[in-house]
Amino acid sequence: MNLYQVISLDMFQTLVNIEGRRNHIWRPILQQDFSEARALELGQALLTHYFAQAAAIRDAGSFCTSQEIYRKGFEKVFQEHLLSFDCHEAVDILFAEHRLSGLYADTVPFLQKISEVYQICIVSDTDTLMLPDFYKEYPIKLFTSEDYGSYKNDGRNRMFTEVIAYYGVQPEEILHIGDSASDVLGAARAGIRSCWINRTGSSWKHTVQPDYTVSNLEELYPILEPGAPAEPA
């Protein structure tokens, strides 16, 4: 008997790797001033602004689309680094490059294997327009922040509540897999079991612990085998 009925998946840095698109994002923005070091610096600055804004919006019980948060982030980065580039065009480039993100080597085999046994969904704190569309090749239900006006780790917990309601199962019959704290904390708050996929060898810095930790999707196979124990060994 399978311990789980539904496998819920994050998208970016879980199934696809956006890191490979960084230079493609910043090259048309920086033009003759482009360098990989500069792209890394500005990319990190943009993410810092993005996460700070998203956290403030979430803590205030509000909501903004990823498009709007990134637009404001680009605006701040461009001001700080004295860059003259249209913020809306920068967001268009960013979204287009996110859609071109490459799949990790373990993604397709994993999806092919689990789609034979489990119901699968993707739960992503993004706008639908950001997402690569490979998931349409599988029987996957999509839940995005844009669609539900909520984030995975906000106080309302609507994202995961919607997943539970859609499938009509008990929360503990769902396993959510993702690379961020929001994936683990939001799932845990909803009573959903969580798996932190730690592809970069990072340290976990939160009191609430993931039920499982793996470094790649292949390490999930023993967990998902029929008869696997409910608790990690």
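How many of the 9 residues of α8 are buried? Keep that in mind as you open the structure, which is a predicted model.

**Stop 1: helix α8**

Select α8, residues 181-189. This helix is mostly covered, with 7 of its 9 residues buried. Colour the buried ones: Ala 181, Ser 182, Asp 183, Val 184, Leu 185, Gly 186 and Ala 187. Now show what they pack against. You should pick out α7 (158-167), β6 and β7. Step just past the end of α8 to Gly 191, where phi is positive, at about 85 degrees.

**Stop 2: strand β1**

Next, select β1, residues 6-9. Both of its faces are covered. Val 6 and Ser 8 are buried on one side, and Ile 7 and Leu 9 are buried on the other.

Now add the neighbouring strands. β4 pairs with β1 in the parallel sense, over 4 bridges. To see one of these pairings, select Ile 7 and its bridge partner in β4, Ile 120. β6 also runs parallel to β1, joined to it by 4 bridges. Here, select Ser 8 together with His 176, its bridge partner in β6.

**Stop 3: on to β5**

Keep β4 on screen and add β5, residues 140-144. These two strands run parallel and are joined by 5 bridges. Ser 124 has Thr 144 as its bridge partner in β5. Is β5 enclosed or open? It is largely enclosed by the rest of the structure, because 4 of its 5 residues are buried.

**Stop 4: the largest nonpolar core**

Which residues have the most contacts inside the largest nonpolar core? Select Leu 9, Ile 177 and Leu 220. The core they belong to has 30 residues. Several elements give two or more residues to it, including β1, β4 (119-124), β6 (174-178) and α9 (221-224). The largest share, 3 residues, comes from α5. In soluble globular proteins, nonpolar side chains tend to be buried together.

Zoom in on Leu 9 and show its contacts. Beyond its neighbours up to four places away in sequence, Leu 9 touches Leu 15, Phe 110, Leu 111, Ile 114, Ile 120, Cys 121, Ile 122, Val 123, His 176 and Ile 177. Ile 120 and His 176 were met at the second stop, as bridge partners of Ile 7 and Ser 8.

Another core lies apart from this one. It has 27 residues. Select Trp 26, Ile 29, Phe 74 and Phe 78, which are among them.

**Stop 5: the largest pocket**

Turn on a surface. Rolling a probe the size of a water molecule over the atoms shows where empty space is left. The largest pocket holds about 1,500 Å³ of space. Its lining counts 47 residues. To find the centre, select Gln 13, Leu 47, Phe 51, Asp 179 and Ser 180, the lining residues that lie nearest it.

Which element gives the most to this lining? That is α2, with 10 residues. Other elements that give two or more include α1 (22-30), α3 (66-80), α4 (87-99) and α8, the helix from the first stop. Colour the lining by type: 21 residues are nonpolar, 16 are polar and 10 are charged.

**Stop 6: Gln 13**

Stay with Gln 13. This residue lies in the loop between β1 and β2 (16-17). Its relative accessible area is 19%, under the 20% limit, so Gln 13 counts as buried. Check its backbone too: phi is near 70 degrees, a positive value in a residue other than glycine.

**Stop 7: two loop residues**

Move to Leu 82, in the loop between α3 and α4. Leu 82 also has a positive phi, of about 55 degrees, although it is not a glycine. Is Leu 82 buried or exposed? At 77% relative accessibility, it counts as exposed.

Finish at Gln 31, in the loop between α1 and α2. With 48% relative accessibility, Gln 31 counts as partly exposed. Leaving aside neighbours within four places in sequence, Gln 31 is in contact with Trp 26 and Phe 85. Trp 26 is one of the residues of the 27-residue core. Last, draw a distance from Gln 31 to Glu 116. From C-alpha to C-alpha they are 46 Å apart, and 85 residues separate them in sequence.

Notes
Residues numbered from 1 in each chain as written. Predicted model: local features only at pLDDT ≥ 70, side-chain atom pairs only at ≥ 80, totals over all residues. Heavy atoms only, no water. Core = buried A, V, L, I, M, F, W, Y, C linked by side-chain atoms within 4.5 Å. Buried < 20%, exposed > 50% of the residue type's maximum accessible area, 1.4 Å probe, protein only. Contact = heavy atoms within 4.5 Å. 1 Å grid on protein atoms, 1.4 Å probe; cavity = no way out; pocket = protein on both sides within 12 Å on 5 of 7 lines; lining within 4 Å. Points joined across faces, edges and corners; volume = space filled by probe spheres on them. Nonpolar A, V, L, I, M, F, W, Y, C, P; charged D, E, K, R; others polar. Pairing = 2+ DSSP bridges.
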